[in-house]
Amino acid sequence: MQEDFEAPSPTRRELLRMIGITAGGSAMYQAMSSLGLAAESPYLGPVDLQSAPKGASVLILGAGLAGMCAAYELRNAGYRVQILEFNGRAGGRNWTVRGGDRITELGGLTQECRFDKDLYLNPGPWRIPYHHRAMLHYCKRLGVPLEPFVQVNYNAYLHSSRAFGGKPQRYREIKADYQGHVAELLSKATRQSALDASVSKEDQEKLYESLREWGALDKSNAYVANRAGSDRRGFQKEPGGGLNGRPIASVPIGLTDMLDSKLWSGISAGDRFDMQPTLFQPVGGMGRIGEAFGRELGPLIRYNAKVTEIRQDDRNVNVTYEDMSKPGTSLQARADWCLCTIPLPILAQIPMNVGPTMAAAISAVPYVSSVKVGLQFKRRFWEEDDHIYGGVSYTDLPITVISYPSTGFHGAGKGVLLGAYIFGINAMDFTAMTPDERVRKALEYGSQIHPQYHGEFDNGVAVAWHRAPFSMGCFGLWTEDARAKHYDDLCAVDERIALAGEHASFIGGWQEGAVTSALDAVARLHRRAVAQGERA
Amino acid sequence: MTATGNRLKMLRIAALVTALSYAAAARADDPAFNAAAGITAVTGAQVYQHICQGCHMPDAQGAVGAGHYPKLAGDPALVSWEYVALTILNGRNGMPAFGQPVSQATEFGAVRLSDSRIADVVNYLRNHFGNRWKGNVTAAQVASLPHPP
């Protein structure tokens, strides 16, 4: 259809296709909205840790959300708690990058973020669904204010570099037209008795009626350029006041063009359970949660502590660690019990005397490759020019996503976009670049959707999760086989050691998975501690 | 992006743009695919530069943080091509498996390399970054190794 259209930089993309297999466009859209399984949170309310044995202690490895919510509950229940954390800050992957922050990645390259005040990038988690009740509970308890996160924006774009001459289409147009055409076709099938075998005559009448409503069809159940259709897809000339206010209906995209474009694969992104409204974000960045936990736990967290060995015997758990501010030092921490939330690619390299089943489980879960790029622009052109307020545009370009800030609307100053959110082979490719190259590539691709990029770009930062020294990947990639073989072994308490984190959950890649796994592990450790306390 | 960019330009074939748009996962070494593209091969160097170096670094020196990515330059384990190929096929510790069947590889985020791509990158690794190990591995040899289920 677009023989003469040429994507500006297809070589890299072709090459990646030749190198390996990557999900196609429609799979990509689904993958984007599918961070693990869409399981509802099992959170039932605050964990019950009554009757903690006097003087019992728990050593927690990792001050991410799993480790800190465990520490918070255990401390409140009377346990003696200490956390060892590799980074110099609390939060782990719960992290917000702001102006003045320095990011040093594996390999040694350092970026200094130059965003304006109040602007930020969440390199990791960035949204909290309404049903992630444990997360909402802790935000409330810690006094972290929330605001709506806009996921679905009918005026954001669906974009294919190979359809409509590469011109991005509005989500509302694609959705209305796809629905309209399908409704019209199904209406025809009903009238031509094509559904007689599967739908009763009576139901066919109801179906016929409902399709008119669902697809915005006219009286004869046709999807055409008229007021009803434009009320869904938007107008050629929008209604207004006065003499010049008469609207002009817009013309739907034809069925063939619609199907060829494959843009229908982006329609359902916001229908998923974990993407449905209402979603939230903490005011000021997702990192506000980790920061609040960090303040709450204060001196219980020892920062810059790199765990080098974990040993348990029938009385204690002994952990050896290095104080990163004094390289070469070897320090010891000891407790009755240990909750380890260290990401598995790192834990798999740390000597630890657990049983063979847990050891096998720890080595069985590679981590997803993912990259995010934050781009600061001199003005909020997506609002001023394109009338996009929050939400997400999806594209078949390697950047996959452009997301617009859900806060600071109509701000007069600069603004920061999420200019790329990438998984799979394209994420590996972006990881292999320098941070500057990632930003440059995100600009090059994104300018195909927003040409204003060229004139308005200010500065950017790029985080590749496999280059993060503290996680060595984004989140655990469980295959069905690996989950069947290893998941229970990963979660089972091994003598005095339990593991927690999003990797030990069915809500992979979500903070809710980290927190609920920690609460579950803590409850089981507590039962053991109580049982042993009574024995002693 | 100079040297790499030029190499990539040479490989650019317009037909692919339409042929593969939104395509479902297809074998990268599918003969029809290569014939349509008129392409001889993606080199082991390109596989390394676009995938492996994200972790193992451009100079194959690896990196150290809370954990580490192994240094491949001068790694004596590379004496065994089977060890290298099996690691790529099946993964190791946190490293993803690149030899999964399509049914698994099309799951979220996973990437599959064909046996010939794996042979290419094994040969590249064993003869670059100061490594000099004899013997050229073929796709058939890689195919004879156990692949992940």
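Colleague: Which residue does A:P148 stand opposite in β11(A)?

Modeller: Keep in mind that we're looking at a predicted model here. β8(A) and strand β11 (residues 279-282) of chain A run antiparallel and are joined by four bridges. In that pairing, the residue opposite A:P148 is A:F280.

Colleague: And what is the strand order of the open sheet of three strands?

Modeller: The pairing in this sheet is antiparallel. Its edge strands, each pairing on one side only, are β7 (128-129) and β8 (146-149) of chain A. Put together, the order is β7-β11-β8.

Colleague: Let's go to helix α4 (residues 133-142) of chain A. Which of its residues are buried?

Modeller: To count as buried, a residue needs 20 or more other C-beta atoms within 10 Å of its own. In α4(A), the buried ones cover an arc of only 100 degrees around the axis, which means they sit on the same side of the helix. Those residues are A:A134, A:M135 and A:Y138.

Colleague: Which residue follows α4(A)?

Modeller: Look at the backbone angle there: phi is positive, near 70 degrees. The residue with that phi is A:G143.

Colleague: Now helix α9 (residues 287-297) of chain A. What do its buried residues pack against?

Modeller: This helix is mostly covered, with nine of its eleven residues buried. Among them are A:R288, A:E291 and A:F293. Their packing partners in chain A are α3 (65-76), β2 (80-84), α4, β11 and β12 (301-302).

Colleague: What phi does A:G298 take?

Modeller: A:G298 comes just after α9(A). Its phi is positive, at about 45 degrees.

Colleague: Is helix α13 (residues 424-431) of chain A largely enclosed or largely open, and how many of its residues are buried?

Modeller: The buried residues include A:G424, A:N426, A:D429 and A:F430. The helix is largely enclosed by the rest of the structure, because the buried count is eight of the eight.

Colleague: What about strand β20 (residues 415-423) of chain A: which residue stands opposite A:V416?

Modeller: β20(A) is mostly covered, as nine of its nine residues are buried. Strand β17 (residues 370-377) of chain A runs antiparallel to β20(A), and eight bridges join the two. The residue opposite A:V416 is A:Q376.

Colleague: Is A:A468 buried or exposed?

Modeller: You'll find A:A468 in the loop between β21 (457-464) and α16 (480-491) of chain A. The cut-off for buried is 20 or more other C-beta atoms within 10 Å. A:A468 has 24 of them within that distance, so the residue is buried.

Colleague: How far apart are the C-alpha atoms of A:A468 and A:L49?

Modeller: Along the chain, these two residues are 419 residues apart. In space, their C-alpha atoms are separated by 34 Å.

Colleague: Which residues have the most contacts inside the largest nonpolar core?

Modeller: That core has 169 residues. One of the two we want touches A:L59, A:L61, A:I310, A:V317, A:V319, A:R496 and A:I497, leaving out residues up to four places away in sequence. Apart from the largest core lies another, of six residues, including A:A183 and A:Y223. Inside the largest core, the residues with the most contacts are A:C338 and A:L339.

Colleague: What separates the centres of domain 2 and domain 3 of chain A?

Modeller: The domain assignment gives domain 2 as 57-92 + 287-366 + 476-535, while domain 3 is 170-260. Taken over C-alpha atoms, the distance between their centres is 54 Å.

Colleague: What radius of gyration does chain A have?

Modeller: The C-alpha atoms of chain A fill a box of roughly 85 × 60 × 50 Å along the principal axes. A compact globule of 536 residues would have a radius of gyration near 24 Å. The value for chain A agrees with that: 26 Å.

Colleague: Last one, chain B: what pattern does its secondary structure follow?

Modeller: Chain B has eight helices and two strands. Of its 149 residues, 38% are buried. Read along the sequence, the pattern is α-α-α-α-β-β-α-α-α-α.

Note on methods. Residues numbered from 1 in each chain as written. Chains lettered and ligands numbered in written order. Predicted model: local features only at pLDDT ≥ 70, side-chain atom pairs only at ≥ 80, totals over all residues. Rg over C-alpha atoms; globule rule 2.2 N^0.38 Å. Buried ≥ 20, exposed ≤ 12 C-beta atoms within 10 Å, placed from the backbone. Core = buried A, V, L, I, M, F, W, Y, C linked by C-beta atoms within 7 Å. Contact = placed C-beta atoms within 7 Å. Domains from an automatic or database assignment. Pairing = 2+ DSSP bridges. Arc of directions from axis to C-beta.
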